[in-house]
Amino acid sequence: MNTDGTHDPRGGARDSRDTRATPVPRPAGPPGPSYAGPPAGPPAGPPPMPRSAPFGTPPAPEHAPATGPTLRDWLHMPRLSDAPGTWTYGHRPRPAVEPERTPLRQLVSGALISLLVGVLLWSLLWNRYLGSFWLWPLVVFTPDSWWDGSSTSVAPAAAWIYYALVIGILAVVFGRLGRWPELAKRVLGHRADTPPPVVAAPPPGPEDDLAEWPELRAAGLGDSAARLAAEVREGRMNDVDYVRIRRAWHSVRVDPTRLPAFTDAVRTGGAAACVHPSGKRDLPVRAARHDLFVRQVRLGTVQDGERNPYGRRGTGIALEPQLLGTSLLAVGPPGAGKTQALVRPVVESLALQALAGQAAVVAVCATGTPLGPDDAYDVVVKLGDPQSVYDLDLYGGTNDPDEAASVLAEGLVGDLTDTDSRRATTVLAQLLGPFRAAYGRLPAVPELRELLDGVPTAIATLREALEADGHHAMRRELEGRERQAGAPGDPGRALADRIALLDRPAFAGFFDTSGRTRPFSLRALEHPLRVRIDLPERGHAEASRLLARLVLAQFTANAAVRADHSLFACLVLDDATRTLTPETLRGVQRLRSVNAGAVLTLRTLDDVPETLHTALLGAVGCRMAFAGITTWDGKRFAEAWGTEWVETRDVTQRTVFADQPLTRAIHSFRKLVSGKAVTTEGVTVRQVERERWSASDLAHAVPAGHAVLSLRTVDGEHAPPLLVDLRH
């Protein structure tokens with residue numbers, strides 16, 4: 001059983017044969033809005049058991065059976081959502097407004113008064129002060145022979161039973177009047193509004209049982225439904241398998257021509273049907289709590305305190321593509337838990353969704369950041385590491401010189417306020433276009449640096465190649481660049497300085513354009529990929545910032561031009577310091593309309609130019625402030641979250657001055673006993689507008705291990721800032 005009762009449906013033992021993922025997974029069929037793909041993995045059988053249990057529980061021995069509810073129970077668990085970000089697995093909605101709670105002293109006094117009244121009434125009845133009318137049911141409904149003296153045992157027993165019944169009726173009546181049950185719950189420490197424990201819903205009928213695949217049966221695919229239902233019953237199917245096959249079936253409904261391939265895949269593969277191109281059916285390790293049925297990952301619990309709305313207190317908080325599609329910004333000092341509590345769970349959830357054919361994720365982090373083992377990814381680009389299997393495409397997978405120049409200029413000098421990105425784009429286009437026309441490819445880093453530096457040999461060689469091939473238009477472009485080089489305001493010098501950061505021995509062999517390496521291109525976002533890009537932060541901090549900025553620019557450009565928007569594409573930047581520019585912020589805003597999003601983390605808002613603070617907080621729909629931020633950062637968040645109307649109660653006290661001697665004497669005696677003067681209270685209730693969270697509260701009132709999180713979906717629904725406990 002997982003720590004939150006959620007399902008980790010991984011049946012069977014771990015397969016000792018570790019099938020390695022292909023270097024760059026490519027779907028076996030044509031991409032499309034509903035592409036599921038034919039089976040490309042191992043035959044039917046239990047998926048590999050992860051090396052550790054999913055939700056932070058201790059590692060299980062190899063070949064240990066899976067614990068927790070079965071897949072069938074997981075499917076039967078009710079999922080209710082009453083607000084954005086609610087962890088729906090087993091959620092029970094709470095009332096929006098807190099019920100009025102009677103003070104304990106009032107409950108005790110009421111219970112004592114009702115008890116005394118009940119005892120008094122019984123005494124009056126027992127001593128016949130109210131007559132004997134209350135005994136007539138005993139006389140009417142019993143034989144007369146019981147009371148004529150002939151029976152010595154039955155009559156007393158019947159009388160005492162009747163007396164006990166009357167006492168019980170009095171106890172019930174006066175107990176309800178005195179609210180004894182509520183007092184008992186309060187004394188025993190139970191709140192009256194505590195929800196009952198979460199239990200699975202009663203098993204539905206076969207026509208509604210998701211584990212029996214009713215959609216397939218309704219479509220006439222009884223054999224396929226029976227095969228998959230058997231896989232569920234025998235524990236050979238996990239949650240990833242179920243969601244993946246379900247999505248494949250939805251693609252068949254969109255394009256019926258894929259029905260034969262789908263039925264063949266189910267017949268031959270069973271739970272392994274329509275498997276991910278890598279052949280993997282689960283992650284090696286799960287460190288967070290996931291509910292793939294609704295594509296959620298749990299981050300924590302909304303604190304049960306006055307700072308949160310009553311209806312959200314104590315409920316789980318979760319993220320999903322509907323929220324990440326508006327992009328998320330998290331700010332917190334080092335050690336606040338941004339990577340462990342936010343980045344890794346989000347990356348892990350998107351990786352699971354990629355295995356189910358629902359998402360593509362690109363995680364960018366410093367080398368050594370704990371975002372899971374390499375086996376959890378299809379592509380791992382380790383820039384600066386000679387052992388890296390993959391390279392990074394400097395131009396984002398495009399062969400168009402103008403498009404490549406635009407993205408590359410944004411990555412190189414987009415953060416410089418004294419350099420115009422449009423002029424930098426023109427400079428790069430004047431060099432990339434002629435080089436592409438002369439050599440059929442775009443230049444590598446050393447070649448581009450020589451051209452930007454204006455090395456005479458490189459310029460002359462390129463000019464000769466253009467003349468030999470008759471590219472007169474491109475020759476004019478090159479000559480125009482030669483004339484502008486060195487002019488006031490020429491961005492060529494800044495571009496050369498920035499590209500020199502990548503022309504270092506550590507990056508030798510990377511960013512190759514001749515075909516000798518295996519470059520990863522963000523053009524692959526149309527496929528369900530799991531990608532991690534490691535940046536050499538320690539020895540090449542400036543180059544790492546440049547590369548992160550370049551990846552962000554390439555992502556925003558390529559996510560918008562995908563032919564297939566059915567996959568949710570997400571870029572996760574573990575540290576977005578100095579990566580955001582005015583143009584990339586506009587690109588981030590456009591992501592929500594193309595089923596994509598970005599997760600950005602910062603140590604402080606000062607890592608972004610001050611002119612972009614307002615634009616950054618306005619571009620993202622989800623904002624997260626971790627414990628320990630400064631009041632300056634808190635002020636920006638407070639402005640973004642705005643104000644709300646709250647009810648305040650002002651109590652004023654006024655000393656009472658008596659005119660009569662007797663009254664003055666009584667007041668003097670009360671003051672002597674209590675030590676306080678006799679006063680009267682005046683209460684003023686009014687509506688005032690206050691900040692939801694002030695800068696001071698954000699800086700000093702957020703406990704360690706907590707964060708304040710506001711959410712907004714792509715449909716416009718929003719949740720107010722919530723204080724979230726990230727440890728539960």
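This text walks through a predicted model, from the whole chain down to single residues.

Start with the whole. The chain holds 23 helices and 16 strands. Of its 728 residues, 49% are buried. About 34400 Å² of the chain is exposed, and carbon and sulfur atoms supply 56% of that area. Contacts reach far along the sequence: among those between residues at least 6 apart, 77% join residues at least 24 apart.

Confidence comes next. Mean pLDDT for the chain is 85, and 88% of residues reach 70 or more. The exception to note here is residues 1-66, where pLDDT stays under 50. The model still has 166 contacts beyond four places in sequence for that stretch. Where pLDDT is low, the predicted coordinates should not be read in detail.

Now go to helix α2, residues 104-126. A nonpolar patch lies on the surface here, formed by L104, V108, L112, L115, V119 and V187. Together these residues have about 520 Å² of accessible area. Helix α2 gives the largest share of the patch, five residues. L115 sits in this helix. L115 has a relative accessible area of 40%, so it counts as partly exposed. S114 is also in α2. S114 has 6% relative accessibility and is therefore buried, the limit being under 20%. Beyond its neighbours within four places in sequence, S114 is in contact with F174, G178 and W180.

Helix α21, residues 631-641, shows how burial can be arranged around an axis. D633, G634, F637, A638 and W641 are buried in this helix. Seen down the axis of α21, these buried residues fall within an arc of 140°, so they line one face. An α-helix has 3.6 residues a turn, so residues three or four places apart point the same way. On the other side of α21, W632 and K635 are exposed. G642 follows the helix, with a positive phi near 70°.

Charged pairs are the last topic. The whole structure has 46 salt bridges. One of them joins the side chains of R244 and D241, at 2.9 Å from N to O. Both residues lie in helix α8, residues 239-254. They are three residues apart, about one turn of the helix. R244 is buried, because its relative accessibility is 3%. D241 is buried too, with a relative accessible area of 0%.

Another salt bridge links the side chains of R481 and D490, with N and O 2.9 Å apart. R481 has a relative accessible area of 5%, so it is buried. D490, at 16%, is buried as well.

The pair R516 and D512 mixes two settings. Their closest N and O atoms are 3.1 Å apart, in a salt bridge. R516 is exposed, with a relative accessible area of 69%. D512 is buried, with a relative accessible area of 14%.

Salt bridges can also be linked into a network. One such network takes in R72, D209, E212, R217 and R233.

Note on methods. Residues numbered from 1 in each chain as written. Predicted model: local features only at pLDDT ≥ 70, side-chain atom pairs only at ≥ 80, totals over all residues. Heavy atoms only, no water. Patch = residues over 30% accessible without salt bridge, like charges linked within 9 Å, V, L, I, M, F, W, Y side chains within 5 Å. Areas by Shrake-Rupley, 256 points an atom, 1.4 Å probe, with all protein chains shown as cover. Salt bridge = Lys/Arg side-chain N within 4 Å of Asp/Glu carboxyl O. Helix = DSSP H or I, 4+ residues; strand = E, 2+ residues; numbered from the N terminus. Buried < 20%, exposed > 50% of the residue type's maximum accessible area, 1.4 Å probe, protein only. Arc of directions from axis to C-beta. Contact = heavy atoms within 4.5 Å. pLDDT = per-residue confidence, 0-100.
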